[in-house]
Amino acid sequence: MSPKCCDPLIGKCYTSRNVVFDEASSWWTSEKETLPDSDSLQSAQLQLDLGVGEVSDDDTAQRLWRTGVYEQPSEEGEGEPSRTVEPRRSTRIKRPNPKYVNVVITEEEDATEPETFEEAQLSLEWNKAMKEEFAALERNQTWELVPKPRDVKPISCKWVYKLKRRTDGLIERYKARLVARGFSQQYGLDYDETFSPVVKITTVRVLLALAANKGWNLWQMDVKNVFLHGELDREIYMSQPMGFQNQDHPEYVYKLRKALYGLKQAPRAWYGKIAEFLTYSGYSVTSADCSVFVKSVNTKLATVLVYVDDLIITGDCEEEIFLIKQNLSVCFQMKELGQLKHFLGLEIDYTHERLVLHQKRYSSNLLKKFGMVNCKPISTPMEANAKVCALEGKDLEDATMYR
C-alpha cells in the first residue's frame, strides 16, 4: 500500500511508492525557525482535505498530531509551551454479556459457617439450629444416658454447621448436625462392613432422559436425619455433646441405639433400612444399579432412585407414586421438595417437551472462588492443545486452593 504524502508549501497531496521515512529529523531547519501560526496551518490542512467536506477541530488536531507539530522539543526553551493532546477514550457504557449475566452470585455476604462451637453459640440462628437437631435426636430415641462402663473409651462428637442455600444463592435454612468422630472406631470391635451402594451419575442421566422422553413427572423427597433410622448391631458409647451436657449427670455417656452421622457403619445401616422398606412395598432392585428400585403395576412403572437422603420418584403409574410417597412419610420423617429442581450439583429446568441440565450455580461458585466473576467470557478459556510437563514451571507458594 503506497503512503500519501503532502507538501504544505504548495498545498498538494499525492501518492508515491518512493518514500523514505526520516524519523530523526522534523520540519525544522538547521536554524530552528519558528513554525507558522496555527491559523495558517489550519488553512493549509483545509486545502489538503481533498474536498471531502468540512474539517472539524478534532480532525485537525489529530492530523497535526500525526505530522509532529505538537510536543516538539525545544532545546533553547524559547517560544510558547507545547500543548498536550489527551488520547481519546471510549464513552460507551459497558454492559455485561446477557449470556453470562446470571453468573453474578446474589449471596448474603454477612452469613458465614462457624468453625467451632464457641463461635456458633454467639449466633441466635445457629443456637436455634443446634436445639432443633438435639431435640430431633432425642425424639427419635437415638441414645440413652448411662453411667460410663469400665474399660470403655467413648468416642467423641462435634457440631458441624452448614448453610443450606437455594439455587439462586439465598439462604434457605441454618443446619447444625451432631457428628460422631468415627475415626476412633476400631475394626472388628465397633464395626464390620461399611460398604454402601451409591447411585451412579450415569444412572441419574439415563433416568432423566427416560422421564423427558416419556413425559414422566420427576418428584424429589428428602429424608430428615437419615442415618438415625439405621439400626446398630454393636454397642457404641459416645460422650455428651458440647452445650447440651446433662446437669444432673455430666459424667454419664450416651449408649447409641441407632446410627449417627460420622459412624463408619451409618451409611450401610441406612441403605439396609430403606432397601428393606422398598422391597416390602413390592419394589425390586435393578441389576444395573443397586440404588434404583422399580415396581411394575400392570403395564405401568414406578421408579425410586436413592442417593443417601435424597430420593427421586418417577414413572407413569401415578397411583403407585402417590401411595409410595404416603408410605415413606409414615415410616420416615420426610420432606417433600416437589418437582425435581436440583440434584447432585445438576440443575434442571423444564421447557416444552424437554429438560435442560446445567450447572450455573456450580460455575458461579468457581468464578467467585477464584475471583473471576467480572472477567470477560470466552468460548475456550484455556489453550486447547496445552502440554504440561512435571519438570517445567515453578512450585506454587500456596497450593491449598488447587487441592
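This dialogue walks through some features of a predicted model.

Student: Before the details, how many helices and strands does the protein chain hold, and what share of its residues is buried?

Tutor: The model is a predicted one, and its protein chain holds eight helices and 16 strands. Of the 403 residues in the chain, 31% are buried. Among contacts between residues at least 6 apart in sequence, 64% join residues at least 24 apart.

Student: How should I read a pair of aromatic rings, and how many such pairs does the structure hold?

Tutor: A pair of aromatic rings is described by two quantities, the distance of the centres and the angle of the planes. The structure holds nine aromatic pairs. One of them is formed by Trp-126 and Tyr-174, with 4.9 Å from centre to centre and 90 degrees between the planes, which is an edge-to-face arrangement. Because Trp-126 lies in helix 4 (residues 124-139) and Tyr-174 in strand 5 (residues 171-180), this pair ties together parts that are 48 residues apart in sequence.

Student: Are Trp-126 and Tyr-174 buried or exposed?

Tutor: Trp-126 is buried, with a relative accessible area of 4%, whereas Tyr-174 is partly exposed, with a relative accessible area of 27%. For another pair, take Trp-270 and Phe-332, whose ring centres are 5.4 Å apart and whose planes stand at 80 degrees, so that this pair is edge-to-face. Trp-270 belongs to helix 6 (residues 266-280) and Phe-332 to the loop between helix 7 (318-331) and strand 13 (334-339), so the pair ties together parts that are 62 residues apart in sequence. Trp-270 counts as buried at 2% relative accessibility, and Phe-332 counts as buried at 3%.

Student: Which rings are linked into a cluster by ring pairs?

Tutor: The cluster consists of Phe-134, Trp-143, Trp-159, Phe-244 and Tyr-254, which are linked by ring pairs.

Student: Where do charged ends sit over rings?

Tutor: The charged end of Arg-177 sits over the ring of Tyr-261, at 4.0 Å from the ring centre. In another case, the charged end of Lys-325 sits over the ring of Trp-219, at 4.6 Å from the centre of that ring.

Student: How should I read a nonpolar core, and which residues of the largest one touch the most other members?

Tutor: In soluble globular proteins, nonpolar side chains tend to be buried together. The largest nonpolar core here has 54 residues, and those that touch the most other members are Trp-159, Met-238, Leu-263, Leu-278 and Leu-328. Helix 6 supplies the largest share of this core, with eight residues. There is also a second, separate core of 13 residues, and Val-199, Val-204, Leu-207 and Trp-216 are among them.

Student: Trp-159 has now come up in both the ring cluster and the core, so which residues is Trp-159 in contact with, leaving aside its neighbours within four places in sequence?

Tutor: With those neighbours left aside, the contacts of Trp-159 include Phe-117, Met-130, Glu-133, Phe-134, Arg-177 and Phe-244. Glu-133 has its place in helix 4 and counts as buried at 4% relative accessibility. Beyond its neighbours within four places in sequence, Glu-133 is in contact with Trp-159, Lys-175, Ala-176, Arg-177, Leu-178 and Asn-225.

Student: Turning to open space, how many residues line the largest pocket, and which are the closest to its centre?

Tutor: The largest pocket holds about 1800 Å³ of space. It is lined by 50 residues, of which Leu-163, Lys-164, Arg-165, Glu-172 and Arg-173 are the closest to its centre. The elements that give two or more residues to the lining include helix 4, strand 4 (157-165), strand 6 (217-223) and helix 8 (360-369), while strand 5 gives the most, with seven residues.

Student: How should I read a positive phi, and where in the chain are Asp-151 and Val-308?

Tutor: Most residues other than glycine have a negative phi. Asp-151 has a phi near 55 degrees, a positive value in a residue other than glycine, and lies in the loop between strand 3 (143-146) and strand 4. Asp-151 is exposed, with a relative accessible area of 83%. Val-308, although not a glycine, has a positive phi of about 55 degrees and is found in the loop between strand 11 (300-307) and strand 12 (310-315). Val-308 is partly exposed, with a relative accessible area of 33%.

Conventions: Residues are numbered from 1 along each chain as its sequence is written. This is a predicted model: local features need pLDDT of at least 70, side-chain atom pairs count only at pLDDT 80 or more; totals for chains, interfaces and linings use all residues. Side-chain values use heavy atoms; hydrogens and water are left out. Rings of Phe, Tyr and Trp (its six-membered ring) pair if their centres lie within 6.5 Å; planes under 30 degrees apart count as stacked, over 60 as edge-to-face and the rest as tilted. Helices (H or I, at least four residues) and strands (E, at least two) are DSSP runs, numbered from the N terminus. Buried means under 20% relative accessible area, exposed over 50%, partly exposed in between (1.4 Å probe, protein chains only). A charge sits over a ring if NZ of Lys or CZ of Arg is within 6 Å of the ring centre and within 35 degrees of the ring normal. A nonpolar core is a set of buried Ala, Val, Leu, Ile, Met, Phe, Trp, Tyr and Cys residues joined through side-chain atoms within 4.5 Å. Contact means heavy atoms within 4.5 Å. On a 1 Å grid over the protein atoms alone, a cavity is a set of points where a 1.4 Å probe fits but cannot get out, and a pocket is an open set with protein on both sides within 12 Å along at least five of seven lines; lining residues have an atom within 4 Å of a point. Grid points are joined across faces, edges and corners, and a volume is the space filled by probe spheres set on the points.
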